[in-house]
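Colleague: I'm at home with gels and assays, less so with models. Could you walk me through reading one?

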Amino acid sequence: MTFYRGTSVFQIRIHGRGGQGVVTAAEMLALAGFMEGHYAQAFPSFGSERTGAPVVAFARLDSKEIRLREPVLEPNVVLVQDRTLLDSVDVFKGLRPNGYVLINSGSTVQELGLQELEARLPKGQVLCVPATRFAMEKIGRPLPGAGMLAGMAAMTGSMKLESVIAAYNEKFNGHIAQANAEVATLAYESVLSMIGGIHA
């Protein structure tokens with residue numbers, strides 16, 4: 001599966017708030033990539049991780065060993081796990097011209113006022129998915145990570161849904177693993193249906 005699109009490393013930046021599992025999501029993303037045979041890296045931004053405080057984590061996937069260690073400044077993908085950050089943090093800073101943006105929200109891109117961003121990126125590469133809603137339905141807690149990663153997988157083709165689920169199964173077991181698998185599946189199918197509608 002190819003997804004580098006003119007750059008040797010696929011870089012992902014995840015924005016959220018403390019308590020939303022942002023760091024775990026980056027770790028699961030790297031694990032899923034590793035399971036598919038990629039070199040993978042994940043690490044958090046150092047700063048406050050108190051509940052509710054803005055948190056950033058980074059992940060990289062590559063076909064060769066990753067020597068970079070600095071934060072992701074020019075992401076191919078930006079995942080926004082908390083839409084309220086749109087008003088207080090420049091979450092799209094450095095986003096590559098052909099990049100992808102996935103926002104955890106039940107609103108539309110238009111309702112969030114992101115028409116300008118949508119206009120400057122390729123069609124279908126700025127989307128929203130209600131990952132927290134899916135998590136509340138299946139897990140009973142606002143942990144959108146599995147939904148966001150699965151949504152990214154559907155949007156970018158960078159990994160398979162099965163790999164996202166397998167990564168969560170590696171870290172969790174029993175009901176939690178099953179619930180995350182259900183969240184991931186809902187988000188993956190939701191994003192696929194949106195992309196199909198956009199390109200129809």
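Colleague: Leaving aside neighbours within four places in sequence, which residues is Glu170 in contact with?

Modeller: Keep in mind that this is a predicted model. Setting aside those sequence neighbours, Glu170 is in contact with Leu31 and Met35. Glu170 itself lies in helix α5, which covers residues 161–171.

Colleague: Is Glu170 buried or exposed?

Modeller: The cut-off for exposed is over 50% relative accessible area. Glu170 comes in at 59%, so it counts as exposed. For a feel of distance, Glu170 and Val126 are 44 residues apart in sequence, and their C-alpha atoms are 30 Å apart in space.

Colleague: How far should I trust the model, then? What is the mean pLDDT of the chain?

Modeller: Read pLDDT as the predictor's confidence in each residue, from 0 to 100. The mean for the protein chain is 91, and 94% of its residues reach 70 or more. Over residues 1–6, though, the pLDDT is below 50, and that stretch has 18 contacts in the model beyond near neighbours in sequence.

Colleague: What about the overall layout? How many helices and strands are there?

Modeller: The protein chain has six helices and six strands. Walking along the sequence, you meet them in the order β-α-β-β-β-β-α-β-α-α-α-α.

Colleague: And what does the radius of gyration tell me here?

Modeller: You compare the value with what a compact globule of that length would give. For 200 residues that would be near 16 Å, and the protein chain has 15 Å, so the two agree. Along the principal axes, the C-alpha atoms fill a box of roughly 45 × 40 × 40 Å. Of the 200 residues, 52% count as buried. Looking at contacts with a separation of 6 or more, 67% of them are between residues 24 or more positions apart.

Colleague: What does the surface look like, and how many charged side chains are there?

Modeller: The protein chain exposes about 9,200 Å², and carbon and sulfur atoms supply 52% of that. It has 18 positive and 18 negative side chains, with the centres of the two sets 3 Å apart.

Colleague: Can we zoom in on a strand? Where is Gln11, and is it buried or exposed?

Modeller: Gln11 sits in strand β1, residues 9–17. Buried means under 20% relative accessible area. Gln11 has 7%, so it is buried. Beyond residues up to four places away in sequence, the residues Gln11 touches include Leu68, Val72, Glu74 and Arg96.

Colleague: Which class does Ala40 fall into?

Modeller: Ala40 belongs to strand β2, residues 39–44, and at 32% relative accessibility it counts as partly exposed. Leaving out neighbours within four places in sequence, Ala40 is in contact with Ala30, Phe34, Arg60, Leu61 and Ile66.

Colleague: Phe34 is in that list. Where does Phe34 lie, and how far is it from Leu61?

Modeller: Phe34 lies in helix α1, residues 22–35, and is exposed at 57% relative accessible area. Phe34 and Leu61 are 27 residues apart in sequence, and 8.2 Å apart in space, C-alpha to C-alpha.

Colleague: One last residue: how far is Asp62 from Leu112?

Modeller: Here sequence separation and spatial distance are both worth reading. Asp62 and Leu112 are 50 residues apart in sequence and 32 Å apart in space, C-alpha to C-alpha. Asp62 is found in strand β3, residues 54–62, and with 3% relative accessibility it counts as buried.

Conventions
Residues numbered from 1 in each chain as written. Predicted model: local features only at pLDDT ≥ 70, side-chain atom pairs only at ≥ 80, totals over all residues. Heavy atoms only, no water. Helix = DSSP H or I, 4+ residues; strand = E, 2+ residues; numbered from the N terminus. Buried < 20%, exposed > 50% of the residue type's maximum accessible area, 1.4 Å probe, protein only. Contact = heavy atoms within 4.5 Å. Rg over C-alpha atoms; globule rule 2.2 N^0.38 Å. Areas by Shrake-Rupley, 256 points an atom, 1.4 Å probe, with all protein chains shown as cover. Lys, Arg positive; Asp, Glu negative; His and termini not counted. Charge placed at Lys NZ, Arg CZ, Asp CG, Glu CD.
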